[in-house]
Amino acid sequence: MTKMYYEHIKFNSAKRLLQISNEKGVEVLSGSLAITMNIPKAYACEHKENVSEECWEYSKTAKLHMSLDDKWQGNAGQEQSNARCYNFRWESLHENFNPIDCFSIGTERGKWFGGGLTHNTSWQLEHAKFNFTPFITGDIRFDQWGNAMRRYFINTLGVAIEVDDKSPLYVSMNGSVRGNILMLFLK
């Protein structure tokens, strides 16, 4: 069952389908979380880290923590009323759980940028095409990623995806597995 969270997020915890809309109700990001996990039911976590957090446990395999960072401040220190920062964090409960999260980057999702220098790829990411590769620096002549990188992807609709520096990351763009998808593999 899909449920509305934090005013602008719809999330189906059983299918792990995510939809985020802007202040006008227009969907600006959608994704499928933990696509390789075949657990059909999620349970509310018994213990949450804070009262404003949403948490689901997937049969002793993983927990998904979701929260709204309502303390995000603009440069001038004034609260940005239409800017929201949502935090999604996977917690592995099993040594072999490595989530793969996929986000739609088709043309209806604006133009996507970020990540860094990529081999044989234009700077609009929705035109890039490569299978899973480690998100590590390399020689742009031979490796997928160059020496200028950041775990930050942004689109022209004002949506950004940032991946924590502590998480080992693999990225695929429009790879052979699926089309028009940014896939993030956290190991």
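**Notes on the predicted model: disulfide, pocket, sheet and backbone**

1. The torsion about the S-S bond of Cys45 and Cys55 is about -60°, so this disulfide is left-handed. Please keep in mind while reading that the model is predicted. The two sulfur atoms lie 1.9 Å apart, inside the 2.5 Å limit for calling a disulfide, and the count for the structure comes to 1 disulfide.

2. Where does this disulfide sit in the chain? Cys45 is in the loop between strand S5 (43–44) and strand S6 (54–58), while Cys55 belongs to strand S6. The pair, 10 residues apart, links distant parts of the chain. Both Cys45 and Cys55 are buried.

3. Two further cysteines are worth a look. Is Cys102 buried or exposed? Cys102 has 3% relative accessibility and therefore counts as buried. Cys85 has 27% relative accessibility, so it counts as partly exposed; that value falls between the 20% limit for buried and the 50% limit for exposed.

4. Now to the largest pocket, which has a volume of about 1600 Å³. Its lining is made up of 48 residues. If you would like a place to start in the viewer, try Tyr86, Asn87, Phe88, Ile161 and Glu162, which lie nearest the centre of the pocket.

5. Which strands supply the lining of the largest pocket? At least two residues each come from strand S3 (17–21), strand S4 (27–32), strand S7 (62–69), strand S8 (85–92), strand S9 (100–104), strand S12 (145–155), strand S13 (160–162) and strand S15 (181–186). S8 gives the most, with 7 residues.

6. The chemistry of that lining is mixed: by class, the largest pocket is lined by 24 nonpolar, 11 polar and 13 charged residues. Glu162 is one of the residues nearest the centre.

7. Glu162 also leads us to the strand pairing, as the bridge partner in S13 of Tyr152. S12 and S13 run antiparallel and are joined by 3 bridges. These two strands belong to an open sheet of 3 strands, ordered S10-S12-S13 with antiparallel pairing. Its edge strands are strand S10 (112–118) and S13, each pairing on one side only. Direction ignored, neighbouring strands of this sheet are turned by 30° against each other on average.

8. A backbone point for your checklist: most residues other than glycine have a negative phi. Arg16 has a positive phi, near 60°, and is not a glycine. Arg16 lies in the loop between strand S2 (9–12) and S3. With a relative accessible area of 5%, Arg16 is buried.

9. Lys60 is another residue to inspect, with a positive phi of about 55° although it is not a glycine. Where is Lys60 found? Lys60 is in the loop between S6 and S7. Is Lys60 buried or exposed? Its relative accessible area is 67%, so Lys60 is exposed. Arg16, by contrast, is buried.

10. One last stop is Phe11, found in strand S2. Phe11 counts as buried because its relative accessibility is 1%. How far apart are Phe11 and Ser30 in sequence and in space? They are 19 residues apart along the sequence, and their C-alpha atoms are 9.7 Å apart in space.

Technical notes:
Residues are numbered from 1 along each chain as its sequence is written. This is a predicted model: local features need pLDDT of at least 70, side-chain atom pairs count only at pLDDT 80 or more; totals for chains, interfaces and linings use all residues. Side-chain values use heavy atoms; hydrogens and water are left out. On a 1 Å grid over the protein atoms alone, a cavity is a set of points where a 1.4 Å probe fits but cannot get out, and a pocket is an open set with protein on both sides within 12 Å along at least five of seven lines; lining residues have an atom within 4 Å of a point. Grid points are joined across faces, edges and corners, and a volume is the space filled by probe spheres set on the points. Helices (H or I, at least four residues) and strands (E, at least two) are DSSP runs, numbered from the N terminus. Ala, Val, Leu, Ile, Met, Phe, Trp, Tyr, Cys and Pro count as nonpolar, Asp, Glu, Lys and Arg as charged, and the others, Gly among them, as polar. Two strands pair if DSSP finds at least two bridges between them. Axes are lines fitted to C-alpha atoms, for helices over the stretch in contact, and angles run from 0 to 180 degrees between N-to-C directions. Buried means under 20% relative accessible area, exposed over 50%, partly exposed in between (1.4 Å probe, protein chains only).
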